[in-house]
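Thanks, everyone, for making the time this morning. I would like to walk you through some salt bridges, so please have a look at the structure first.

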Amino acid sequence: MPHDHPDHHHDNHLDPMEARVRALETILTRKGLVDPAALDTIIETYAQKIGPRNGAQVVARAWDDAAFAGWLRRDATAAIADMGFTGRQGEHMQAVFNTDDCHNLVVCTLCSCYPWPVLGLPPVWYKSLAYRARAVIEPRAVLAEFGLSLPQDTRIRVWDSTAELRYLVIPQRPEGTEGLDRDALAALVSRDCMIGTALPRAPEAAA
Amino acid sequence: MNGPHDLGGQMGFGPVAPEPEGQPFHAAWEARALALTLAAGALGRWSIDESRHARESLPPAVYLGSSYFQIWILALEALLTRHGLLTPAEHAAPESVEPAAPHPRRLAGSAVASVLAAGTDYARPLDAPPRFRPGDRVRARNIHPRGHTRLPRYVRGHIGTIEAVHGGFIFPDTHAHGAGEAPQPLYTVVFDGAALWGPDAEPGSSVSVDAWESYLEPA
């Protein structure tokens, strides 16, 4: 698909933003303020290298290794760095664990704060006016739009990312996954599970 | 500022549209917009707080009527202009800008991976112990700063409980305006849904924000 391989030199559509951004890139490149190679590398990084499969590995390890889960609770930044996931928009990590009684949901009402090293760039809906407005006042109604209906006695805790702390939801391990290795466990964990708008897939559904 | 960005609890924006994984960009220009914003930020002329304030300072109708990466580009143009890196003449005629030698702080392609992996440490030491402890009841102050702030309107005036004390962090309200890092203790403060939304709250819901100490008073 075209957006998987952004190539500004061969894109002919007449979107005014396309022209505006291209003009800005031309100016900044000519002035020596940006290196086009750096732009290409940044895009490649977030389009192909850094995404929610990183976070899924963190969750799978937490399910599989109680000591790691404990470390994640105490010092998520260090525990996640141990897996090689560090840097921009993940400098100060917090892992929040779902329980039988409490489900966690992450939002940034003021902008779009999101844990990039473990989840990549946020999806459009996370940045949307609707999600930012509604997650704090009607989280159950929002979850229903994702097809997620939690028991009425499950409490919902919404984390509004108003500072530089970045939140990763650790969902509960599904039943029937005792024999699975970490790669198979990670395959059950979608991006939305780690934001709080979904639950992990059942193992038979992941094959 | 009480800007268009402060969306928590507003109504009328319609449903949320879920989206599959693996589509960070929806047009080629969105990818370039992200990359330009990060590369220009690496010049070190403004902080993340100043860039957030540039976005929320867009006229409300523009902010609410623009896509996410449109907001980023409009704010980037404003930041570049404010800091003398972009002039109206250049903007009008990009092809006539004379090529110049690389800026000393230009982010090189070869440095991208290490810069992104390093990030920016926003924690800072404090001169005094934090005022509040876990379990303390606090009120989010009823304040309406004209400049940048990270205290959402929907918690102002409401009482919550300190859940965690995170140590010192750069204070965005000063830092966004070039008025120094002025670090303060940062807390996670939890509010019952009913405290925020009254009888219209969903039962069993709670919301936390991360709040700097000067946003809070004992309750």
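**Salt bridges within and between chains**

Let me begin with A:E138, which counts as partly exposed at 28% relative accessibility, where partly exposed is the range between buried, under 20% relative accessible area, and exposed, over 50%, using a 1.4 Å probe and protein chains only. Its partner in a salt bridge is A:R134, with the closest N and O atoms 2.7 Å apart, and A:R134 is buried, at a relative accessible area of 9%. By salt bridge I mean a side-chain nitrogen of Lys or Arg within 4 Å of a carboxyl oxygen of Asp or Glu, and by this rule the count comes to 20 over all chains.

I should say early that this is a predicted model, in which local features need pLDDT of at least 70 and side-chain atom pairs count only at pLDDT 80 or more, while totals for chains, interfaces and linings use all residues. Residues are numbered from 1 along each chain as its sequence is written, chains are lettered from A and ligands numbered from 1 in the order in which they are written, and side-chain values use heavy atoms, leaving out hydrogens and water.

Now, which residue does A:E164 meet in a salt bridge? The partner is B:R52, at 2.8 Å from N to O, and the pair crosses between chains, from the loop between β3 (155–160) and β4 (165–170) of chain A to helix α2 (residues 48–56) of chain B. Here A:E164 is buried, with a relative accessible area of 6%, and B:R52 is buried, also with 6%. A network of salt bridges links A:E164, A:R166, B:D49 and B:R52.

Note on methods: Helix = DSSP H or I, 4+ residues; strand = E, 2+ residues; numbered from the N terminus.
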